[in-house]
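Biologist: I've got a model open and I'd like to talk it through with you. Can we go from the whole chain down to one helix?

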Amino acid sequence: MSISEIAAAASLSDSPVLVLASASPARRKLLQDSGVRFMVMVSSVDEDAVLKAASDRAQAAGQPALSPAATAQLLAEAKVGAVVAELRAAGVNNALVLGCDSVFEVGGFAYGKPHSPQVARERMSAMSGSHGVLHTGHALIDLREPATEPLAQLRSARVFFDSMTEQEIDAYIATTEPLEVAGSFTLDGYGAAFISRIEGEFHTVVGLSIQALRVMLSERHLAIMDFWVSPTER
């Protein structure tokens, strides 16, 4: 959606509009299925640059590298910050901006989006018969307030995989589904066939905890019900 569309909706609404700073179809579907009214403005943040800057700061300070969990939260906040800056510049102030990012951790290493079939195959082979932790960072900024520090919620869930044959891995990669998702798998698509169980919240693994959103809204003295669509609109 364009800034002008969001600005128009915000100006006509008595309550703040919720803006999702993400291009993820899975996150959009989670909000839609949960009956939440929202608009979308994809963040233009350079994730690689954000991570490099954070790594350089840590190295200069003699601190350890970012953990996978901290990486997920940092990127969620960076996405929100980028969208907030654009909306503020356009004079939008009756809105809440929500950003999320997910990182899959296996053996202490962060698995982001593989992008290529080769990387996806290497990761899925390592994950076969094993488990990892999916970290999803959430950040929320209320444009009605001058402060730009986001409210934050980091949620994590453990994901267990069945053993996968090479034929299964190749067939899954051929769907292209695992190439642009954290950890090279999804719970709400073809990848569900290879996941034996999860320990934690399902929505966290998909990429956006509705319960985390509810908690952050409550910190702004808002209720999740304030953003529900009517039953007839679903």
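**Charges, fold and one helix**

Modeller: Sure, and keep in mind that this is a predicted model. Let's start with charge: the chain carries 18 positive and 27 negative side chains. The centres of those two sets sit 3 Å apart.

Biologist: How compact is the chain, going by its radius of gyration?

Modeller: There are eight helices and seven strands to pack. For 234 residues the globule rule gives 17 Å, and the chain comes close to that, so it is as compact as a globular protein of that length. The radius of gyration itself is 18 Å.

Biologist: What share of the contacts with a separation of 6 or more is between residues 24 or more positions apart?

Modeller: For background, buried residues make up 45% of the chain. Of the contacts you're asking about, the share from residues 24 or more positions apart is 72%.

Biologist: Now helix α6: which of its residues are buried, and why do they count as being on the same side?

Modeller: The buried ones in α6, which spans residues 166-174, are Ile-169, Tyr-172 and Ile-173. They're on the same side because they cover an arc of only 100 degrees around the axis.

Biologist: And which exposed residues are on the face turned away, and what helps cover the buried side?

Modeller: The face of α6 turned away from its buried side carries Gln-167 and Ala-174, both exposed. As for the buried residues, what covers them includes α5 (117-127).

How values were computed:
Residues numbered from 1 in each chain as written. Predicted model: local features only at pLDDT ≥ 70, side-chain atom pairs only at ≥ 80, totals over all residues. Heavy atoms only, no water. Buried < 20%, exposed > 50% of the residue type's maximum accessible area, 1.4 Å probe, protein only. Helix = DSSP H or I, 4+ residues; strand = E, 2+ residues; numbered from the N terminus. Arc of directions from axis to C-beta. Contact = heavy atoms within 4.5 Å. Rg over C-alpha atoms; globule rule 2.2 N^0.38 Å. Lys, Arg positive; Asp, Glu negative; His and termini not counted. Charge placed at Lys NZ, Arg CZ, Asp CG, Glu CD.
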